[in-house]
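Please open the structure in your viewer and keep the selection panel at hand. The tour below proceeds one selection at a time.

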Amino acid sequence: MATASTPSNPGPHPAPHAPTLTLPDNACDAHCHVFGPTSRFPYAPDRTFTPPEAPLADLQKLHALLGIRRAVIVQSAAHGADHTSLLAALEEGERRYRGVALIRPDTPAREVARLHEAGVRGTRLHFLPHLGQPPTPAATAAITDLVRPYGWHLALHVTGDVLVDHEDFIRSNPLRLVIDHMGRVDLRQSLDSPAVTALRRLLDTGRTWVKLSGADRLATAPPAMTDSAALARLLTRTAPERVVWGTDFPHPNTHGFVPDDGDLTDLLADIAHGERARQRLVVDKPTECFDFPG
């Protein structure tokens, strides 16, 4: 595990190539991050990892290469509850960006209102040990009460085991749920595993959405991502009206294999067959889920 003083994925990433797939107008990257620059936006002192800097300019350069206009920028645990960098990105995006915050039980209600006005439309809960202690039921309830008046979604960063063990608890939350990275299920257990089955059951509730991001994290034999693409296709068939796609740039807390974002974009041709399907996945559904204008 990376320490707070050690970069989580050290070394420069290879420059991505331009994808061969042309994305539709207003295509949205529904899961990405910005880190720093720390001279302006320092990391949280109590962070559990230290990522290399990846400021908004880097994200914008990538999106220009990929043909992406809109984005959902997810607050990183490295920045903690200080949303200054997220707010700056949302302001510069001029309504082309939405945000996902890290709300705590003691976050003032006026701060939630300020974040909503800036373009935040969800808050994220981490259930991964390397990102700290998971929230208690009481903390989850308090956070839900804070954001519910604004119609925000609850983003769940979980593993497949958590989905299986806490499915009833997840179902009981009244907010719209968005599960990150296809639930980070273990694909060595096949597409019929208890985790994948639980993920599909949650999709069937009609209140749960899934981000088809993190294909590189789930792949069992990288750089090939055929097995994670197969999972994404299965989830798309299960609930085409409640799946969205994202790059997860700059791929924090990855070790060894770092994907080429051009390859991740081209993988959409295997996930959503045909222009209508891709229009729905990267334009129509993100517009609905994250409350983009128009």
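A residue is called buried if its relative accessible area is under 20%, exposed if over 50%, and partly exposed in between, as computed with a 1.4 Å probe on protein chains only. Residues are numbered from 1 along each chain as its sequence is written. This is a predicted model, in which local features need pLDDT of at least 70, side-chain atom pairs count only at pLDDT 80 or more, and totals for chains, interfaces and linings use all residues, while side-chain values use heavy atoms and leave out hydrogens and water.

**First selection: helix α1**

Helices (H or I, at least four residues) and strands (E, at least two) are DSSP runs, numbered from the N terminus. Select residues 56-66, which form helix α1. Which residues of α1 are buried? They are L56, L59, L62, H63 and L66. Looking down the axis of α1, one finds these buried residues within an arc of 125°, so they line one face of the helix. The arc is taken from the directions that lead from the helix axis to the C-beta atoms. On the face turned away from the buried side, select K61 and A64, which are exposed.

Now display what covers the buried residues of α1: the cover includes β1, β2, α2 (84-93), β3 and α10 (261-266). Contact here means heavy atoms within 4.5 Å. After α1 comes G67, whose phi is positive, near 85°.

**Second selection: the sheet**

Strands of a sheet pair through backbone hydrogen bonds, either parallel or antiparallel. Two strands count as paired if DSSP finds at least two bridges between them. Here eight strands form an open sheet with parallel pairing, in the order β1-β2-β3-β4-β5-β6-β7-β8. Its edge strands are β1 (28-32) and β8 (243-244), each of which pairs on one side only.

Next, select residues 70-74 (β2) and 97-101 (β3); these parallel strands are joined by four bridges. Within this selection, V72 stands opposite R98 of β3.

**Third selection: the loop before β3**

Select E94, in the loop between α2 and β3. Is E94 buried or exposed? With a relative accessible area of 65%, E94 is exposed. Add G119 to the selection: its C-alpha atom lies 9.5 Å from that of E94, although the two residues are 25 apart along the chain.

**Last selection: the cysteines**

A disulfide is a pair of cysteine sulfur atoms within 2.5 Å, and the structure holds zero disulfides. Select C28: its nearest cysteine sulfur, that of C32, is 7.8 Å away. C28 counts as buried because its relative accessibility is 1%. Finally, select C289, which is also buried, at 2% relative accessibility. Why is C289 in no bond with the closest cysteine sulfur? The sulfur of C289 is 9.4 Å from that of C28, which is too far for a bond.
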